[in-house]
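User: Let's go through this one together, question by question. Start with the ground rules, please.

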Amino acid sequence: MKSYTITVNGTAYDVTVEETGSTASAPAARPAAAAPKAPVKKAAGAAGSLKIDAGASGKVFKINTKPGDAVKPGDPILTLEVMKMETPVVAPKAGTVASIEVSEGQMVEAGDLLATMNE
């Protein structure tokens with residue numbers, strides 16, 4: 001057994017690895033994960049006048065609406081996974097979803113455009 005200390009994003013982790021003694025080739029690579037679905041958008045120039053940005057960095061967990069859906073203030077447009085918590089991104093006003101600019105599984109940074117709406 002070998003022990004290592006690995007630092008990830010400033011946090012140290014103690015890891016113990018068992019040696020197998022085998023000198024065989026490396027294990028086969030795991031298949032790549034399926035690519036995220038393409039963003040659902042309306043035709044060029046159809047973006048809404050109200051932009052909805054990410055408030056924090058995270059992963060798009062679920063898209064709750066689609067272009068053309070009518071929403072009320074507080075209705076969830078999509079859900080982000082931020083620090084292992086599901087965080088809804090809600091409509092700030094009543095209106096219609098014009099475009100969804102992200103796809104499920106996509107990583108986003110704070111300030112990234114997620115969707116647009118028309119009032």
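Analyst: Helices (H or I, at least four residues) and strands (E, at least two) are DSSP runs numbered from the N terminus, and two strands pair if DSSP finds at least two bridges between them. Bear in mind that this is a predicted model, so local features need pLDDT of at least 70 and side-chain atom pairs pLDDT 80 or more, while totals for chains, interfaces and linings use all residues. Residues are numbered from 1 along each chain as its sequence is written, and side-chain values use heavy atoms, leaving out hydrogens and water.

User: How many strands does the protein chain have?

Analyst: Reading from the N terminus, the elements go β-β-β-β-β-β-β-β-β-β. There are zero helices in that secondary structure, and the strand count is ten.

User: Which residue in E9 stands opposite Lys59?

Analyst: Strand E4 (residues 58-63) runs antiparallel to E9, and two bridges join them. Across that pairing, the residue in E9 that faces Lys59 is Met107.

User: What are the edge strands of the open sheet?

Analyst: Four strands make up this open sheet, with antiparallel pairing and the order E7-E6-E4-E9. An edge strand here pairs on one side only, and that holds for E7 and strand E9 (107-108).

User: Is Thr79 buried or exposed?

Analyst: Thr79 belongs to strand E6. Leaving out residues up to four places away in sequence, Thr79 is in contact (heavy atoms within 4.5 Å) with Lys59, Val60, Phe61, Lys62, Asn64, Glu86, Thr87 and Pro88. The classes are buried under 20% relative accessible area, exposed over 50% and partly exposed in between (1.4 Å probe, protein chains only). Thr79 has 10%, so the class is buried.

User: Which element gives the largest share of the largest nonpolar core?

Analyst: A nonpolar core is a set of buried Ala, Val, Leu, Ile, Met, Phe, Trp, Tyr and Cys residues joined through side-chain atoms within 4.5 Å. The largest one has 18 residues, and Ile77, Leu80, Val102, Val108, Leu114 and Met117 have the most contacts inside it. Two or more residues come from each of strand E3 (50-53), strand E6 (76-82), strand E8 (95-100) and strand E10 (113-118). The top contributor, with four residues, is E6.

User: What is Val108 in contact with, leaving aside its neighbours within four places in sequence?

Analyst: Val108 is one of the core residues with the most contacts inside the core. Beyond those sequence neighbours, the partners are Ala54, Ala56, Ser57, Gly58, Val60, Leu80, Val102 and Leu114.

User: Where does Thr65 lie, and what is its relative accessibility?

Analyst: Thr65 sits in the loop between E4 and E5. Val71, Pro76, Ile77, Val97 and Ile100 touch Thr65, with residues up to four places away in sequence not counted. Thr65 counts as buried, because the relative accessibility is 12%.

User: How many salt bridges does a search of the whole structure find?

Analyst: The test is a side-chain nitrogen of Lys or Arg within 4 Å of a carboxyl oxygen of Asp or Glu. One hit joins Asp69 and Lys66 at 3.2 Å, N to O, and another joins Lys93 and Glu119 at 3.6 Å. The search of the whole structure gives two.

User: How many residues apart in sequence are the parts that Lys93 and Glu119 tie together?

Analyst: Lys93 is partly exposed at 39% relative accessibility, whereas Glu119 is exposed at 63%. Lys93 is in the loop between strand E7 (85-90) and E8, and Glu119 is in the segment after E10, so the salt bridge links parts with a sequence separation of 26 residues.

User: What is the area of the nonpolar surface patch made by Tyr4, Ile6, Val8, Tyr13 and Val17?

Analyst: Patches take residues with over 30% relative accessible area and no salt bridge, joining like charges within 9 Å and nonpolar side chains (Val, Leu, Ile, Met, Phe, Trp, Tyr) within 5 Å. Strand E1 (2-8) and strand E2 (11-17) each give two or more residues to this one, and the largest share, three residues, comes from E1. Accessible areas come from the Shrake-Rupley method with a 1.4 Å probe, and for residues only the protein chains shown count as cover. The patch made by those five names comes to about 440 Å².

User: What share of the protein chain's accessible surface belongs to carbon and sulfur atoms?

Analyst: Of the 119 residues, 24% count as buried. The accessible surface is about 8300 Å², and the share of carbon and sulfur atoms is 55%.
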